[in-house]
Amino acid sequence: MSASAVHSLWTTAADPISKIDTPKIEYAQLSPTLIVVGAAIVGVLIEAVVPRKSRYYAQVFVAVVALIASFAAVVALAAGGYATTKSGIAAMGAIAVDGPALFLQGTILLTAIVGLFTFAERRLDPAAHGNRVDSFAAQAASVPGSDSEKAAVKAGFTTTEVFPLLMFAVAGMLIFPSANDLLTLFIALEVFSLPLYLMCALARRKRLMSQEAAVKYFLLGAFASAFTLFGIALLYGYAGSVSYGTIARVVDGTVAEVTPALANTMGNDALLLVGAALIVMGLLFKVGAVPFHMWTPDVYQGAPTPVTGFMAAATKVAAFGALLRILYVVLPGLRWDWRPVMWAVAIVTMLGGAIIAITQTDIKRLLAYSSIAHAGFILAGVIATTPDGVSSVLFYLGAYSFVTIGAFAVVTLVRDADGEATHLSKWAGLGRRSPLVAAVFAVFLLAFAGIPLTSGFAGKFAVFKAAAEGGAAPLVVVGVISSAIAAFFYIRVIVLMFFSEPRPEGPTVAVPSPLTMTAIGVGVAVTLVLGVAPQYFLDLASQAGVFVR
């Protein structure tokens, strides 16, 4: 090879033929997520810099301010028209800023604020060695029952790291329903799953059970993530892109230019069907739908109750948001393929959750199976494939999340010598011991059961109406039967609380600080307001029900 040939090689290679464009990031449109991420990083720095005595107050202050600021940013974006006329794709195609995204982000942030109050509660347990304690282990790294753990309790250590972990989880959940390409979806999935795995292992009481719950959640979650990632790889192989819009156009056959390589893979429907099935499977795991629900009862029972409440509410909102976007934006061309499968999943989820809940003797497991049944009800709205389907699902998620956090906040109050008294037999006669707490819990149970004048009724009515109009009337019949079965065990708990004799050695009801009172009060208020006057919020959800593509 001559010198000139070599010379020509390296000069053409160095020639700036195609410049790499600097990424264009719309910071204002991404501000809700950026605020929360910033607060999470500040929280990590607080752990490193601030003296141990002051960390708790610093962390709670930073987290509350950030969540409120982030919610204000969501409201500002919605008011600025980003939910309707100005909705579009931000961050070089990675994030969608549209009605469903902003509605779900607002719901997640409000849920997180209420959940944060239960995390910060420090008056339920008796003080240990003169120090107030919360629901979390004194030192997460020490072996349960070891000398180092006893020393940490004696020294008054607290795991204030839960606050930055909560903020990272919220940041992932904000991106998850608004992701507009498959890689962003997967990264968001990991960002909110990993902090949740950790927080599940941090219970102060029953630490071994808590760690077992975390390991189960981690292992099954890793399986679900692997399924999702494999599905992403197959869809990328099919469409030659990870962008939602491009994949949708390839599925529809409306793609602008077809290269020979793309023409070869487009003909291969196996890649598309298996890839789509694996991604949806990963999302159904996060939602807790049957048959991907195995982790739910064990994790809900073992995790610290504030974490259970937050996880049960916020994870469902984020995962259903992502599922809606995948099915409505990426795979509308596959509707005839995924609808029959989702019918089957919705039916077994509604019936399975309701029937197995009847046999439960632990209040947290009962609420876990109830959440599985609710996942089935929400899937009925997803299956409708109409604009009303989207808005009914958005409304149901908003209503359900506050009832859930409120119910788990009440569970933290009923205590005996071993901590929370979660066995149902201990709740007998609670209405005579503490009429107010029992009455509040009864309101939440009636909302779960879908009794009129509660948010649960308005949500179920909206979802079932959308499903019936979308041609899924048999599904509505199954849903009504499941609701009737579910009502049996909710009413049974109410009867147990108000019409049973209290045991002399039964549990006491702890007097919480204003933090938990606020969380429960907000839950009751939202439940009644959405039940009595749901129209404004239904209209809000229907305005926010259009996806950008």
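Colleague: Which residue classes are needed to describe a cavity lining in this predicted model?

Modeller: Ala, Val, Leu, Ile, Met, Phe, Trp, Tyr, Cys and Pro count as nonpolar, Asp, Glu, Lys and Arg as charged, and the others, Gly among them, as polar. By that rule, the lining of the second largest cavity divides into 7 nonpolar, 4 polar and no charged residues.

Colleague: Which residues make up the lining of the second largest cavity?

Modeller: Gln-29, Leu-30, Pro-32, Thr-33, Leu-77, Ile-95, Ala-96, Val-97, Leu-102, Gln-105 and Ser-178 line the second largest cavity. Two or more of the lining residues come from each of α2 (31-49), β2 (95-97) and α4 (99-119). The largest share, 3 residues, belongs to β2. The volume of this cavity is about 60 Å³.

Colleague: Why is the space of about 70 Å³ called a cavity?

Modeller: A cavity is a set of points where a 1.4 Å probe fits but cannot get out. The space of about 70 Å³ meets that condition and is therefore called a cavity, the largest one here. The structure holds 7 cavities of 30 Å³ or more.

Colleague: What makes His-374 a lining residue of the largest cavity?

Modeller: A lining residue has an atom within 4 Å of a point of the cavity. His-374 is listed in the lining of the largest cavity, so His-374 has such an atom. Tyr-396, Phe-448 and Gly-459 are also among the lining residues.

Colleague: Which element gives the most to the lining of the largest cavity?

Modeller: The helix α16 does, with 4 residues. At least two lining residues are supplied by each of α16 (387-411), α18 (435-449) and α19 (455-469).

Terms used: Residues numbered from 1 in each chain as written. Predicted model: local features only at pLDDT ≥ 70, side-chain atom pairs only at ≥ 80, totals over all residues. Heavy atoms only, no water. 1 Å grid on protein atoms, 1.4 Å probe; cavity = no way out; pocket = protein on both sides within 12 Å on 5 of 7 lines; lining within 4 Å. Points joined across faces, edges and corners; volume = space filled by probe spheres on them.
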